[in-house]
Amino acid sequence: MELAAVVDGLMDGLVADLERLAAIPSVAFPGFPAEPVHAAHDLLTGLLRDAGVERIERIDLPDTAPVIFAEIPPPTPDAPTVLLYSHYDVQPPGDERLWLSPPFEPTPVEGGLRARGIADDKSNVIAHLGMLRAYGGRPPVGVKIVFEGQEEYGSAFDTYPPTDPERFACDAMVVADLGNLRPGTPTLTTGLRGAAEVVVEVRTLREPRHSGEFGGAAPDALLTLLTALSTLHDVHGDVAVDGLRREEWAGATYTEDEFRELAGVVGGVPLTGSGSLGERLWSGPAITVVGVDAPGVDHAASAVVPYARAKLNLRFHPLQDPHEAQGRLVDHLRALRPFGVPLTVTPGDTGPGYEAATGGPAYRAARDALARAWGGEASYVATGGSIPLVNGLARAAPDAEVLLFGAQDSMCNLHAPNERVLFSELRGTVVAMCAFVENYAAAFRAGDAA
Ligand SMILES: [Zn+2]
C-alpha cells in the first residue's frame, strides 16, 4: 500500500480526535479530579473499538488510574507481536498566566496545535490509533496496546509488568513517549540516564550567633555546606566524583546553539563541562543542586548560620547500577570534612537508566521506517529524563527489542507552558509506525528475524 497517501487521508480525523482528547484535563496528580482521567480513558476505549480492536480490558491497580490493555492477535502464526505503549494522562498546566491560550483549549499554532499534554503524550496515543486505522484494525503483526493513565505521577503500574509477564510478552515494543531531536530529524532514543537523590546536612551551632561577636571562629554551617558542594565539580564544571561512569557519546546530539536556545542560557554565560554535549548530557554524570535550606537574603540576620542542607539530583550513565552511582556520591560527601566539620549524608530515591540493544531485526525495521517517514538516516540519541515503565516492560519481556520514538520533538515545551505538537511530526510518526509493522512482519516472513 502507498503508506504516505493512506496516512494523509487519515490526518483530518486523527487531528480532530487529538483535539478532543487534548481538551480533557486528564491530570492524574493528587488534588486533581479523577473524572477527566476517566473521561479520557473512556474516549480512547471507544476510539480503539471504532478502529477495529475487539479485545479491550482495563487493568485496575491500587492508587493508579486505569490502564487500557488491548490486543489484536497475530494474523498468521509466524507473525511477530508488537507492544505499543503511550500514556493518556498529562502534566498539570502550571501557572496558567504563562500560557498564550487556555491549556485545555487546543489552539492552532504555526504547523500544529498548542495544549497541555498534546505532545506528551496524547500525540503518540493518536499515532498508535492512526496505525491501526491505516490497516483497518488488521495490521500485519500481532498488537498489544498499553495506554497508561498515570505516567506523569508515580503509580503501581511501574513495577506491575514483571508480575504478569505473559500479558506483556512480545517480540518488540514501541514506547512512544518521546520524539525527534528536532522537527523532521528521524530519531531513535537508545538510552535513558539513571537518577538518584542525596540530601546533605550540616549542623555546627545549636542556634544562630551574632556574626560580629562570633564570626571568624564559630563554624558557619552554610559556608561548610557550600565548601562541600564546591568539590563536586572541577574548574571546567565536569563532575569530580570518582567512580561515576563517563563515556564518549557515539550518536547524534544538539548543536551548541540549539542547546543554548532550548536551555535558555543567558548571553555571555558559557556552557558547563567539557567533551561533547552527548557525553555531558547522556553518557556521563551530572550533579545538580536542586534545593538549599538556608536563611533567605531578605530576612537574613547578621548571624552565623547554625544549620544548612541541600538536595542533590544525580544523573548517571544508562548502564551504571543506581545504588553504586548513588553510593559514589554519598562516599565522596562523607569523606569530606570541610573545616573539619562532618556532614550528614542521606541517600534518597534512585531510578535505573536504560540502554537499548540496537542490533536486532526490530531496529533494522525501525531505521528503515523512520527514514521512509522523514527522509534521511535515523539518528540515535539518549535522554536525561527517565521513563520508569521502560524498565518494568523490559523486565517483563526481556528478549523483546525496545524502540523509543514518537511525535514529540525537543522544542515542544514538554512539562512547560505553551506545550505544542507539530502535524508534520504526528504524520511522520503514523507513517513510521505503519512502515515499521510492515517491515517487521516482512522480516519474520523472510526468516530474517531468527
Ligand atoms: Zn510522557
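Biologist: How many bridges join strand β5 to β20?

Modeller: This is a predicted model, in which local features need pLDDT of at least 70 and side-chain atom pairs count only at pLDDT 80 or more, while totals for chains, interfaces and linings use all residues. Residues are numbered from 1 along each chain as its sequence is written, and side-chain values use heavy atoms, with hydrogens and water left out. Strands (E, at least two residues) and helices (H or I, at least four) are DSSP runs numbered from the N terminus, and two strands pair if DSSP finds at least two bridges between them. Strand β5 covers residues 112-114 and runs antiparallel to β20; the number of bridges is three.

Biologist: Which residue of β20 is the bridge partner of Gly112?

Modeller: Gly112 has its bridge partner in β20. That partner is Leu422.

Biologist: Which strands stand at the edges of the sheet with the order β4-β5-β20?

Modeller: This sheet is open, with three strands and antiparallel pairing. Two of its strands have a single partner strand each, so one side of each is left without a neighbour in the sheet. These are β4 (107-109) and β20 (420-422).

Biologist: At what angle does helix α12 run to β20?

Modeller: Helix α12 (residues 423-445) lies across β5 and β20. Axes are lines fitted to C-alpha atoms, for helices over the stretch in contact (heavy atoms within 4.5 Å), and angles run from 0 to 180 degrees between N-to-C directions. Between α12 and β20 the angle is about 60°.

Biologist: Which strands stand at the edges of the sheet with mixed pairing?

Modeller: That open sheet of three strands has the order β16-β9-β17. Each edge strand has a single partner, so one side of each lacks a neighbour in the sheet. The edge strands are β16 (354-355) and β17 (379-383).

Biologist: Which residue of β17 is the bridge partner of Gly191?

Modeller: Strand β9 (residues 187-192) pairs with β17 in the parallel sense over five bridges. Helix α10 (residues 361-374) lies across both strands, at about 135° to β9. In β17, the bridge partner of Gly191 is Ala382.

Biologist: How many Å separate the centres of domain 1 and domain 2?

Modeller: Domain bounds come from an automatic or database domain assignment. Domain 1 is 3-192 + 353-445, and domain 2 is 194-246 + 284-351. The contact takes eight residues from domain 1 and six from domain 2. Taken over C-alpha atoms, the separation of the two centres is 39 Å.

Biologist: Where is Asp121 placed?

Modeller: A cis peptide bond, with omega about 10°, joins Asp120 and Asp121. Asp121 is in the loop between β5 and α3 (122-134).

Biologist: Where is Asp63 found?

Modeller: Asp63 has a phi near 55°, a positive value in a residue other than glycine. Its place is the loop between β1 (55-59) and β2 (67-72).
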